[in-house]
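Got the viewer open? Here is a short tour of selections to make, one stop at a time.

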Amino acid sequence: MLFKCLKRRIEKCDYKSKEALAEQISLIYANEQLTDEQYSELMNMLET
């Protein structure tokens with residue numbers, strides 16, 4: 001559920017800055033709320 005919401009935010013460019021969203025995703029990943037694959041996919045989406 002959380003992964004889908006984050007993915008949708010990236011697709012719609014619904015964030016103030018890429019850096020801030022990347023930090024938020026990293027914190028969520030550190031709290032083990034995302035898998036390695038989900039984290040990689042989200043971070044790759046932000047880079048492009």
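Start by selecting Leu-46: this residue has 5% relative accessibility, under the 20% cut-off, so Leu-46 counts as buried. Keep in mind as you click around that this is a predicted model. Leu-46 sits in helix H3.

What does Leu-46 touch, once residues up to four places away in sequence are set aside? Show the side chains of Ile-10, Tyr-15, Lys-18, Leu-21, Ala-22 and Ile-25, and you have the list. For a distance to put on screen, draw a line from the C-alpha of Leu-46 to the C-alpha of Cys-5: 14 Å in space, with the two positions 41 residues apart in sequence numbering.

**Zoom out to the whole chain**

Switch to cartoon. You should find three helices and zero strands, running α-α-α from the N terminus on. The C-alpha atoms fill a box of roughly 25 × 15 × 15 Å along the principal axes.

Now turn on a surface. The accessible area of the chain comes to about 3,700 Å², and carbon and sulfur atoms account for 50% of that. Of the 48 residues, 23% count as buried. If you like contact maps, take the contacts between residues at least 6 apart in sequence: 49% of them join residues at least 24 apart.

Colour by charge next. There are 7 positive and 9 negative side chains, and the centres of these two sets lie 10 Å apart.

**The core**

Back inside. Select Phe-3, Leu-6, Ile-10, Leu-21, Ala-22, Ile-25, Ile-28, Leu-34, Leu-42, Met-43 and Leu-46 and show them as spheres: these 11 residues make up the largest nonpolar core. Each of the helices H1 (2-11), H2 and H3 supplies at least two residues of this core. Which helix gives the largest share? That would be H2, with four residues.

Stay in the core and centre on Ile-25. Ignoring neighbours within four places in sequence, Ile-25 is in contact with Leu-6, Ile-10, Leu-34, Tyr-39, Leu-42, Met-43 and Leu-46. Your starting residue, Leu-46, is on that list, and so is Tyr-39, which leads to the next stop.

**The aromatic pair**

For ring pairs, have two numbers in mind: a pair of aromatic rings is described by the distance of the centres and the angle of the planes. How many aromatic pairs are there to look for? The count comes to one. Select Tyr-29 and Tyr-39: the ring centres are 4.2 Å apart and the planes are at 20°, under the 30 degrees cut-off, so the pair is stacked.

Tyr-29 is in helix H2 (residues 18-30) and Tyr-39 in helix H3 (residues 36-47), so this pair ties together parts that are 10 residues apart in sequence. Are these tyrosines buried or exposed? Neither label fits: Tyr-29, at 29% relative accessibility, counts as partly exposed, and Tyr-39 gets the label partly exposed at 21%.

While you are here, pick Ser-40, also part of helix H3. Ser-40 is partly exposed, with 37% relative accessibility. The C-alpha atoms of Ser-40 and Tyr-29 are separated by 10.0 Å, and the two residues are 11 apart along the chain.

**Two backbone oddities in the loops**

Bring up a Ramachandran plot if your viewer has one. Most residues other than glycine have a negative phi. Now find Cys-13, which is not a glycine and yet has a positive phi of about 55°. Cys-13 belongs to the loop between H1 and H2, and with 53% relative accessibility Cys-13 counts as exposed.

The other one to click is Glu-32, again a residue other than glycine, with a positive phi near 60°. Look for Glu-32 in the loop between H2 and H3. At 71% relative accessibility, Glu-32 counts as exposed.

**Last stop**

Finish on Ala-20, in helix H2. Ala-20 counts as partly exposed at 42% relative accessibility. Draw one more line, from the C-alpha of Ala-20 to the C-alpha of Glu-47: these atoms are separated by 13 Å, with the residues 27 apart along the chain.

Definitions and conventions. Residues are numbered from 1 along each chain as its sequence is written. This is a predicted model: local features need pLDDT of at least 70, side-chain atom pairs count only at pLDDT 80 or more; totals for chains, interfaces and linings use all residues. Side-chain values use heavy atoms; hydrogens and water are left out. Rings of Phe, Tyr and Trp (its six-membered ring) pair if their centres lie within 6.5 Å; planes under 30 degrees apart count as stacked, over 60 as edge-to-face and the rest as tilted. Buried means under 20% relative accessible area, exposed over 50%, partly exposed in between (1.4 Å probe, protein chains only). Contact means heavy atoms within 4.5 Å. Accessible areas come from the Shrake-Rupley method with a 1.4 Å probe; for residues, only the protein chains shown count as cover. Lys and Arg count as positive and Asp and Glu as negative; His and the chain ends are not counted. The place of a charge is taken as NZ of Lys, CZ of Arg, CG of Asp or CD of Glu. A nonpolar core is a set of buried Ala, Val, Leu, Ile, Met, Phe, Trp, Tyr and Cys residues joined through side-chain atoms within 4.5 Å.
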